[in-house]
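Biologist: Hey, got a minute? I'm new to this one and would like a quick tour.
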Amino acid sequence: MSSPTTTRPASDAARVAQAAREVVEAHDPLSVPREELFGALYDAGLAWVHHPEGLGGLGLSRGLQPVVDQIVTDAGGERMFAVNPIGYGMGAPTVVEYGPDRDQVGAWLRPMATGEEIWCQLFSEPGAGSDVAGLATSAVRDGDEWVVNGQKVWTTLAHVARWGMLVARTDPEQPKHRGLTYFVIDMTQPGVDVRPLRQMTGQAEFNEVHLHDARVLDAHRLGEVGAGWKVAITTLMNERTAIGGVTGRRGSGVIGEALGLWRAHPDRHTPVLRDRLAALWTRAETHRLTLARARRTASAGQPGPEGSVSKLVGAELNQDVYEFCMDLLGPDALLYDDWTMDRGRVHTDPNSTVQQRFLRSRANTIEGGTSEVMRNILGERVLGLPGEPRSDSDRPWKEVPRG
């Protein structure tokens, strides 16, 4: 007889699969609006199966979410993450852990799951770079509200976002990590000015955001005043896990694109390119297996350091694969002349060209934490190496030189 510990996961998986099939049968992804399908998944507890019941989940293992995603995509639907990546992948775990109350969290989660309300992340600043804790955007208490002034940069999806995850400095007398507070801010209010940042592909996925006396309710604060860094870590850990990628089939993803290009151009095969492709395939497979391990770790609780490993390795692998593709194409790699400004997430468009993807991959080692930051995190927090000398850890933020 099987023990309860061995039968329960199988029955949970079967329960989730059955619920997902019932939703897609009642809400055919090919014939109903996306919002209707995603709303039904949320109501059935299938948006985030690990969330509490009533908040889009069933209180089950996070590792069962791929069961839902696979059934939805097999039926012709989209993954929720692809529609609202920052909200679904980073906003949801943050508001569930630190949200002010269950009613407010539920009010944020459902339209987040359906894609009706897009979220963005207001962390990076022009003067702080990858040092998020050094940010200067201020929030000053005014009764039941806070008044926000400052500038953010490299804000993905800010131009379509309804809500922004904002970290602001609320006490400049404290050292930089202790004077921060985390809010959810309404991006559609007066005082929030979103401007496009043009990329070398011609598109503008990113934005700079200027905040002039913008207001945020204290009721929309996540965590305690001055404890914003702790909340931000939750967002960042989930961000790196999300950016690190989705576990696909062997030979799929970017390495699959390279293999397809290789097969399409047999006249350009050389022994050197063959060796490079074999080495890239090995790295891609190692990365895929690491992602699978990260998923198992996350299913048991919070994302671990595998998220930073996956983000670092995946970003550099993407760049190397597309460099191989350019070398394989030879002079044809230069055939890119469409500089049309596009505000959509076109780098994920399956119809985008290899040349466009090569140019877009240059951002992979910057966005979501640079490769240098990832190496510091892994060295200090995973390998236990001595930290870099820091002179500003205990000094009041206002006394730290900047510029």
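Modeller: Sure. One thing before we start: this is a predicted model. A good place to begin is a single aromatic cluster made up of Y42, W48 and Y88.

Biologist: Okay, aromatics then. How many aromatic pairs does the structure hold?

Modeller: There are 8 aromatic pairs. One of them is W48 with Y88, a stacked pair with 4.9 Å from centre to centre and 20° between the planes.

Biologist: Where do W48 and Y88 lie along the chain?

Modeller: W48 is in the loop between α2 (34–43) and α3 (65–74), while Y88 belongs to helix α5 (residues 85–98), so their pairing ties together parts that are 40 residues apart in sequence.

Biologist: And are they buried or exposed?

Modeller: W48 has 2% relative accessibility, so it counts as buried. Y88 is buried too, with a relative accessible area of 11%.

Biologist: Got another pair for me? What's the geometry of F123 and Y182?

Modeller: That one is edge-to-face, with 5.9 Å between the centres and 90° between the planes. F123 sits in the loop between β1 (118–122) and β2 (138–142), and Y182 is in strand β5 (residues 180–186), so this pair links distant parts of the chain, 59 residues apart. Both F123 and Y182 are buried.

Biologist: Switching to charges: which ring does R162 lie over?

Modeller: R162 lies over the face of W163, at 4.2 Å from the ring centre.

Biologist: Now the strands. What does β7 pair with?

Modeller: Strand β7 (residues 206–217) runs antiparallel to strand β3 (residues 145–153), and 8 bridges join them. Strand β6 (residues 192–197) is also antiparallel to β7, joined by 6 bridges.

Biologist: Which residues should I click on to see that?

Modeller: For β3, try G150, whose bridge partner in β7 is L211. For β6, look at R195, which stands opposite E208 in β7.

Biologist: Last topic, Q121. Where is the place of Q121, and is Q121 buried or exposed?

Modeller: Q121 is in strand β1. Its relative accessibility is 12%, so Q121 counts as buried.

Biologist: What does Q121 touch, leaving out residues up to four places away in sequence?

Modeller: With those left out, Q121 touches I86, M90, T155, M165, T235, L236 and E239.

Biologist: And how far apart are Q121 and A214?

Modeller: They are 93 residues apart in sequence, and 16 Å apart in space from C-alpha to C-alpha.

Technical notes: Residues are numbered from 1 along each chain as its sequence is written. This is a predicted model: local features need pLDDT of at least 70, side-chain atom pairs count only at pLDDT 80 or more; totals for chains, interfaces and linings use all residues. Side-chain values use heavy atoms; hydrogens and water are left out. Rings of Phe, Tyr and Trp (its six-membered ring) pair if their centres lie within 6.5 Å; planes under 30 degrees apart count as stacked, over 60 as edge-to-face and the rest as tilted. Helices (H or I, at least four residues) and strands (E, at least two) are DSSP runs, numbered from the N terminus. Buried means under 20% relative accessible area, exposed over 50%, partly exposed in between (1.4 Å probe, protein chains only). A charge sits over a ring if NZ of Lys or CZ of Arg is within 6 Å of the ring centre and within 35 degrees of the ring normal. Two strands pair if DSSP finds at least two bridges between them. Contact means heavy atoms within 4.5 Å.
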